[in-house]
Amino acid sequence: MTNAPAPSALARDLAIDAVFVLSVKTFADRIAHVTGELARFTIPFEFIFDFDAAELDDATVLAHFVAGVPMRRQASLTLKHLQAWRLAVARGARRVMVFEDDVVLDPDFHARLGAAMRAADALAPGWHVFLGGADAKVPDAFFLHSGPLVPLASTTAEGYVCDLEACRRRVAWCAAHKIHLPADQLIAHVDHAERVIQYWPPEPLVEQGSVTGQFDSVLDANRLKHGHLYNVARHRWTKWRRRTLRRHWVRARSRLRIFAHRTT
């Protein structure tokens, strides 16, 4: 883990006391990418290099995971998320923002993050705001919610903000249970068990460069089976179909139902 100055503007304005980027010491291209990406948005951060897959020993794996754990790279990433939560608890950080190293931020990231965090000010302790999900399948109610935060379980873990209480509950759960899921599924599972409420902004604030085509995936077995152009085209089609097309369809259908009800 490397140290960086505390993100004073985020801490002052949004109560985000730490920003962690999960990476691997040998991933030079991803390290360069995320360093430049967060510099564009003047977001100081810390890398978490702890638990790199090449350095994971059997004792560490057995201490944290059940038998038959995910492949070592998935176990490594899961432990990096856990390390971010542990650091938050150790420091008493009010809120932490966590990114995986292929993250790509929306051009209006600061303004939209601010809106989400101001809404989070009214939440009871123990919450998680998922910042991604651009190509995720969501229920119809998602498109009809007024926002600025929509209650919904997260699907992936490329970017999120959570409060100190959420981190405490996750660290306690992982201390009492062996892990049997990769990071994204673990977050959803633990938060459901520990009553950490998850939310999404109405539109994603980040995407994954390994999904958009900027990087090749190192974990997703489905994407690894296909070529670069296929993966890029499939992502763009899925994102348009699941979010843009369905948003217009669901909202148009809702307006028609309201109109029909008013005229009967």
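Trainee: Which residue in β3 does Phe20 stand opposite?
Mentor: Phe20 faces Val98 there. This is a predicted model, where local features need pLDDT of at least 70, side-chain atom pairs count only at pLDDT 80 or more, and totals for chains, interfaces and linings use all residues. Residues are numbered from 1 along each chain as its sequence is written, and side-chain values use heavy atoms, leaving out hydrogens and water.

Trainee: How many bridges pair β1 and β3?
Mentor: There are 5, in the parallel sense. Strands (E, at least two residues) and helices (H or I, at least four) are DSSP runs, numbered from the N terminus, and two strands pair if DSSP finds at least two bridges between them.

Trainee: And in β2, what's the bridge partner of Phe20?
Mentor: Glu46. β2 (residues 46–48) runs parallel to β1, with 3 bridges joining them.

Trainee: Is β1 mostly covered or not?
Mentor: Mostly covered: 5 of its 5 residues are buried, meaning under 20% relative accessible area with a 1.4 Å probe, protein chains only. Ala18, Phe20 and Leu22 point one way, Val19 and Val21 the other.

Trainee: New topic: how many disulfides are there?
Mentor: The count is 0, taking a disulfide as two cysteine sulfur atoms within 2.5 Å.

Trainee: Why is there no bond for Cys167?
Mentor: Because its closest cysteine sulfur, in Cys162, is 3.6 Å away, which is too far. Cys167 is also buried, at 0% relative accessible area.

Trainee: What does Trp85 touch?
Mentor: Its contacts (heavy atoms within 4.5 Å) include Tyr160, Cys167 and Cys174, leaving aside residues up to four places away in sequence. Cys174 counts as buried too, at 11% relative accessibility.

Terms used
Buried < 20%, exposed > 50% of the residue type's maximum accessible area, 1.4 Å probe, protein only.
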